[in-house]
Amino acid sequence: MPEKTTNLLLAGVGGQGTILASKIICAALQEAGHDVKQAEVHGMAQRGGSVVTQIRFGNQVHSPLFGRGEAQVLVAFERLEGLRYLPMLAPGGTVILNDQAILPVPVIMGAQAYPEDAVLRLKEEAGDLLVVQAKEIAAELGNPKAANTVLVGALAGWMARTATNRLTQAHWLSALATQIPEKHRQVNERAFLAGWEVGRR
Amino acid sequence: MKVLLSGNEAIARGAWEAGVGVAAAYPGTPSTEILETLATLPEVRAQWSPNEKVALEVAYGAAVAGSRALAAMKHVGLNVAADPLLSAAYTGVNGGLVVVTADDPGMHSSQNEQDNRHYARMAKIPCVEPSDSQEAKDFTALAFDLSEEFDTPVLLRTTTRISHSKSLVEVGERTARFLKEYAKEPSKYVIIPAHARVRHSVVEARLLDLADYAERTPLNRVEWRDKRIGVIASGISYQYVREVLPEASVLKLGLTFPLPAGLIASFAAQVETVWVVEELEPFIEDQVKAMGIRCRGKDALPREGEFNPDTLRRAILDTGAPPAGPAPGSPALPVRPPVLCPGCPHRGVFYALKQLNLTVTGDIGCYTLGVMPPLEAMDTCLCMGASISAAIGMVKANSDLIGHTVAVIGDSTFLHSGMTGLLDAVYNKAPIPVLILDNRTTAMTGHQDHPGTGRTLQGEPAAALDYLALAKALGVKRVSVVDPLNLEQLKARLREDLAAGEPAVIVARRPCALLSRKPAAPLAVDPAACRMCRSCLRIGCPAISAAGGTVAIDPGLCNGCGLCAGVCKFNAIGKAGEASA
Ligand SMILES: Cc1ncc(C[n+]2csc(CCOP(=O)(O)OP(=O)(O)O)c2C)c(N)n1
């Protein structure tokens, strides 16, 4: 019986480092011997649009894309984006949320309102919600840009606690080593470990 | 060793392993990373060309000279390069020539969703379609062999989902290749009518040989499973079929032109229902039907947009409409449209154009965002290069527009296909100012160098075009350089040039905000001086918000460009920490 494919969705805003985060995740999955496929949307995303990455892993993955209601885990780098991609979450799925709001231009212009109840709605609809103060944690460690690695750590810790997969902390640390340039590695390792603790709860 | 590669990285790797010697491209999503990857591999002369036509001609010349050569472009790029492609199909090649077209179903970052497999049919050349990164690498290498065996350019067609998805690839080493001998052969390579008539017969005969090859190529294969449903699929659609119909038999086509008629007929004869699953046009389906084979396909599957597994579930398994969206009554979520970055030099230009209330023929690049609120200062945008030529047509048709119409074009776009339009404006006396937005890069596609930046694809120093000298040489008498963030200077110059009654070139020069390493200190609003007039909000800078009832500048986003300070009538915006004067 082939192992079921697991689906992860990363959603954020251009510039938040979702793409590096997904590289680290894929490298760790590959280290652990999984077949992996990753799909992302490039292009206009760079200019402050939503950025979404899908990651699938298991014995053998065919489609790089999955559909609505199929993500076991949604890693939301921003509250509104979490809410936007909530329909992708599988029933009972987990949301790992970076507790940050980045206002889109229509909100800045006063044309639309930012959903103030985002966390509440996520809590209601997700099977499990893990709120991470990723930006603050990363800032304390000396580089707010490492918020993405904090979230990767939270995902890793959560997976180690709950999911049946082959990933150990060693797989993750070796993925960090291959994906992050030497000069940023230390702070990112600390960011990862801080996230890991949050994920393990 | 297995590595995780995007389809584009895998194509580059496959070309490298197959011994490619020369590669050329003009950037375009989703194709750009092919050349960016090739540039990092040894022994390949990789280059950005000013446009796709030039890129394909460079690759063609390299192939004629005996090297393996590759040209890569996005789907609409092949429209620009169609001329050399269709005649290269007649002359044939010497070293292998692979032309990569990266199509964009769903228009993630394109102006249309044309299906470029039609080009293979029109040019009568083979079309190869990989379905994951491993195939992208393997098929690229095979395409070079095919090109040399049949003496034809080969079209390698990917889509965004193939080019940008990552999957594991077993990589190999480079096979050493020697240049094939080049021999002068005008009857083949000089395509005058007398030669072309002979060559056309060669093309027709070659197509028959290729159809024969299609029956036996490893690019096509049958996977027998349950015979109630038999699916014909290629590219990314194959993966969706395996996902959604794991039990169905599949005829997987890696060569989608010419089609293997015999293989298709025998496959169809052994299954109960034939489905053809393909994104965009019924390219395979129409041909299957023309073979007299009954099949399902576009009667249930959409012609528009990109597929995903759900698309197939709904159409083939009849699972009904997609799950409902948000519950009725819940407010719509704010959209996050792409915006000009904080500090983007384009913002000043469109703000000035809006203030002057001009008719603006636009072009393609980051600056197309000038059409979005609150700037909304663009009237047309058609294809790369069309800004100048369309402005000529507008003022020729409607004299009321003279003195109120400007063309706006990015630096990379100007070099791609704007120069000929400018020449036309001079030659045909069209009184239009042309704003060249010289942000020193091709920003839209991720900051590629071009002939105006002074650097090559590999980042080595190169000649940088002098726009003013070029404009003068084309016959433009009114030429100037302005700072796009200096609104008064820009508007004054525009007014003068609009009144001049002759073509003019204004180079609005300031590097892309994402390129400047050391941004200026962020600005802040002095709440005591601010009268909440909201003028600064009208420049559409994502760093400025009025969300909390007061205007505030996000210091994490602001890069101190100063445009907002310039539009503030109350001097309420200044360097953070300094009281405004
Ligand atoms: C024929 C064609 N080739 C490539 C593209 C992809 N593309 C869109 S805009 C652009 C260049 C934009 O550069 P530039 O004109 O310098 O403007 P910027 O984005 O820097 O503002 C490219 C390569 C396209 N749309 N059409």
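**Figure 1. Chain B as a whole agrees with the expectation for a compact globule.** For 581 residues, a compact globule would have a radius of gyration near 25 Å, and the value for chain B is 27 Å, which agrees. Keep in mind, as you look through these views, that the model is predicted. If you draw a box along the principal axes, the C-alpha atoms of chain B fill roughly 85 × 65 × 50 Å. Inside that box you can look for 20 helices and 22 strands. Of the 581 residues in chain B, 57% are buried. What share of the contacts in chain B between residues at least 6 apart in sequence join residues at least 24 apart? The share is 74%.

**Figure 2. The surface and charges of chain B.** The accessible surface of chain B comes to about 23,000 Å². Carbon and sulfur atoms account for 55% of that surface. Chain B carries 57 positive and 61 negative side chains. How far apart are the centres of the two sets? They lie 4 Å apart.

**Figure 3. Gln287(B) sits in helix H13 of chain B.** This helix runs over residues 283-290, so you can find Gln287(B) by following H13 along the chain. Is Gln287(B) buried or exposed? Its relative accessible area is 12%, and because buried means under 20%, Gln287(B) counts as buried. The side chain of Gln287(B) reaches the backbone oxygen of Phe283(B), at 3.0 Å. Now set aside the neighbours within four places in sequence: Gln287(B) is then in contact with Arg121(B), Phe257(B) and Leu259(B). One of these partners, Phe257(B), comes back in the next view, where its peptide bond to Pro258(B) is shown.

**Figure 4. Two cis peptide bonds in chain B.** Here is a handy rule to start with: most peptide bonds are trans. In this view, the bond from Phe257(B) to Pro258(B) is cis, with omega near -10 degrees. Pro258(B) belongs to the loop between strand E12 (255-257) and helix H12 (261-270). Which residues does the other cis bond join? It links Pro373(B) and Pro374(B), and its omega is about 5 degrees. To locate Pro374(B), look in the loop between strand E14 (359-361) and helix H16 (386-397).

**Figure 5. Leu280(B) and Arg534(B) each have a positive phi.** Most residues other than glycine have a negative phi. For Leu280(B), phi is near 60 degrees, a positive value in a residue other than glycine. Leu280(B) lies in the loop between strand E13 (273-277) and H13. Arg534(B) has phi near 70 degrees, again positive in a residue other than glycine. You will find Arg534(B) in the loop between strand E19 (523-525) and strand E20 (544-545). How are these two residues placed with respect to the surface? Leu280(B) has 1% relative accessibility and counts as buried, whereas Arg534(B), at 33%, counts as partly exposed.

**Figure 6. Arg45(B) is an exposed residue in a strand of chain B.** Strand E3 covers residues 45-48, and Arg45(B) is part of it. The relative accessible area of Arg45(B) is 56%; because exposed means over 50%, Arg45(B) counts as exposed. Along the chain, Arg45(B) and Ala23(B) are 22 residues apart, while 6.2 Å separates their C-alpha atoms. Which residues does Arg45(B) contact, leaving aside its neighbours within four places in sequence? The partners are Gly21(B), Val22(B) and Ala23(B).

**Figure 7. Chain A follows an order of helices and strands that you can trace by eye.** Chain A has 8 helices and 6 strands. Read along the sequence, they give the pattern β-α-β-β-β-α-β-α-α-β-α-α-α-α. The radius of gyration of chain A is 16 Å, close to the 17 Å that the globule rule gives for 201 residues, so chain A is as compact as a globular protein of that length. Along its principal axes, the C-alpha trace of chain A spans about 50 × 40 × 35 Å. Buried residues make up 56% of the 201 residues in this chain. Among contacts in chain A with a separation of 6 or more, 64% come from residues 24 or more positions apart.

**Figure 8. The surface and charges of chain A.** Chain A exposes about 7,900 Å², and carbon and sulfur atoms supply 52% of that area. Its side chains include 19 positive and 18 negative ones, and the centres of the two sets lie 3 Å apart.

Note on methods
Residues numbered from 1 in each chain as written. Chains lettered and ligands numbered in written order. Predicted model: local features only at pLDDT ≥ 70, side-chain atom pairs only at ≥ 80, totals over all residues. Heavy atoms only, no water. Helix = DSSP H or I, 4+ residues; strand = E, 2+ residues; numbered from the N terminus. Buried < 20%, exposed > 50% of the residue type's maximum accessible area, 1.4 Å probe, protein only. Polar contact = N/O pair within 3.5 Å; in protein donor to acceptor, adjacent residues only side chain to side chain. Contact = heavy atoms within 4.5 Å. Rg over C-alpha atoms; globule rule 2.2 N^0.38 Å. Areas by Shrake-Rupley, 256 points an atom, 1.4 Å probe, with all protein chains shown as cover. Lys, Arg positive; Asp, Glu negative; His and termini not counted. Charge placed at Lys NZ, Arg CZ, Asp CG, Glu CD.
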